[in-house]
Amino acid sequence: MGTDSLLSIVAEDRAKCLATVTQCFVEPGTPHQVILRKPYHDQAVRSNHWEFKSVVTSTGEISGIQCVGYDVTLLVDNLERSKRLLALTNQQNARLQNFAYIISHNVRSHSANLTALVDLLQHTTDEAQSAMFLQMLKTSTDKLAETIVNLNEIVTSTTVGAQPREQRGLRQEVSRTLEALNVLVHQNQLAVSVAIPAKITVNVVPAYLDSILLNLFSNAIKYRSRSAPPRLDLGCYREEDYVVLTIADNGQGIDLVRNQAKVFGMYKTFHGNDDARGLGLFITKNQIEAMNGKIEVDSQVGVGSTFKVYFSEIV
């Protein structure tokens, strides 16, 4: 009593209170509800649910505003806890989804590469080829070991929200991923050009970068051109707060007129391959966005595809 009612409300909620009062004048006789927080003498801040309703005289004039409120602090606190729990659950589910995909796709790719290399070693009698295959085998096992270490970091990380990010040399990571796919590159006679400056770095979750590169490169091989020598061109440039990696191929391409909205959807496939599951691009987009980046594609059937991966430089 005897004080300005607005002063009894926390400063952040005063505009909301005035807006509700304004609505009472705009719609006389209609009740309007709002939750306002008020500080109390014990230093606690409690939430109150209010119903404001204008009092209209017999002549249609507004003589005042009737306000009825009750304490809903416990309800609001429980809702906030539920929101935090839901957010944490979503983060854990995303982490589990990424982990499962890396296990099912990336480790399988490394395994297939190792199996092919062992088969080549068993059937070659040329010492120079044997030495080359042994070096390729070492590179592939090193890359597999790195993938397993990255997986362990995903599992053991206790960070709530985004996974911890590190600075990685983009050209070096691209080269290592290509080396991990060396058998497929060799077997399919894929011509690869890399135009990425050696000093360019990206701020990434290592496990995600490994997964993104492996998926996009292996897709370029899997959906390569059947009518022309397959080609993969990798480039890089800066745009605003992003380092942009371009991945261009001359493969089968995607009909974006029909599939623009589906390209990065879950379980969406476009070429009828028996081993296609429609998860690769969905997970790739998920991992890029988890690092505050984005991905775009330009594609034409029979001509090829160009993917642009935007790595955010903002920590």
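I began with arginine 37 and looked up how open it is in this predicted model: its relative accessibility is 35%, and because buried means under 20% and exposed means over 50%, I entered arginine 37 as partly exposed. I then noted its place in the chain, which is strand E1, covering residues 32–39.

Next I looked up what lies around arginine 37. Leaving out residues up to four places away in sequence, I found that arginine 37 touches Ser8, Ile9, Val10, Glu12, Asp13, Val45, Arg46 and Ser47. For one of these partners, serine 47, I also wrote down the spacing: it is 10 residues from arginine 37 in sequence, and the two C-alpha atoms are 4.4 Å apart in space.

I turned to the chain as a whole, where I counted 8 helices and 10 strands, and where 40% of the 315 residues count as buried. Among contacts with a separation of 6 or more, I noted that 63% join residues 24 or more positions apart.

Which residues have the most contacts inside the largest nonpolar core? I found that this core has 39 residues, and that Leu170, Phe217, Ile247 and Phe311 are the ones with the most contacts inside it. Several elements give two or more residues to this core, including helix H4 (170–180), strand E8 (242–249) and strand E10 (304–312), while H6 gives the most, with 10 residues.

I followed isoleucine 247 further and, setting aside neighbours within four places in sequence, listed among its contacts Leu216, Phe217, Leu232, Phe307 and Val309. Finally, I recorded a second, separate core of 8 residues, which includes Leu114, Leu117, Phe133 and Val183.

Note on methods:
Residues are numbered from 1 along each chain as its sequence is written. This is a predicted model: local features need pLDDT of at least 70, side-chain atom pairs count only at pLDDT 80 or more; totals for chains, interfaces and linings use all residues. Side-chain values use heavy atoms; hydrogens and water are left out. Helices (H or I, at least four residues) and strands (E, at least two) are DSSP runs, numbered from the N terminus. Buried means under 20% relative accessible area, exposed over 50%, partly exposed in between (1.4 Å probe, protein chains only). Contact means heavy atoms within 4.5 Å. A nonpolar core is a set of buried Ala, Val, Leu, Ile, Met, Phe, Trp, Tyr and Cys residues joined through side-chain atoms within 4.5 Å.
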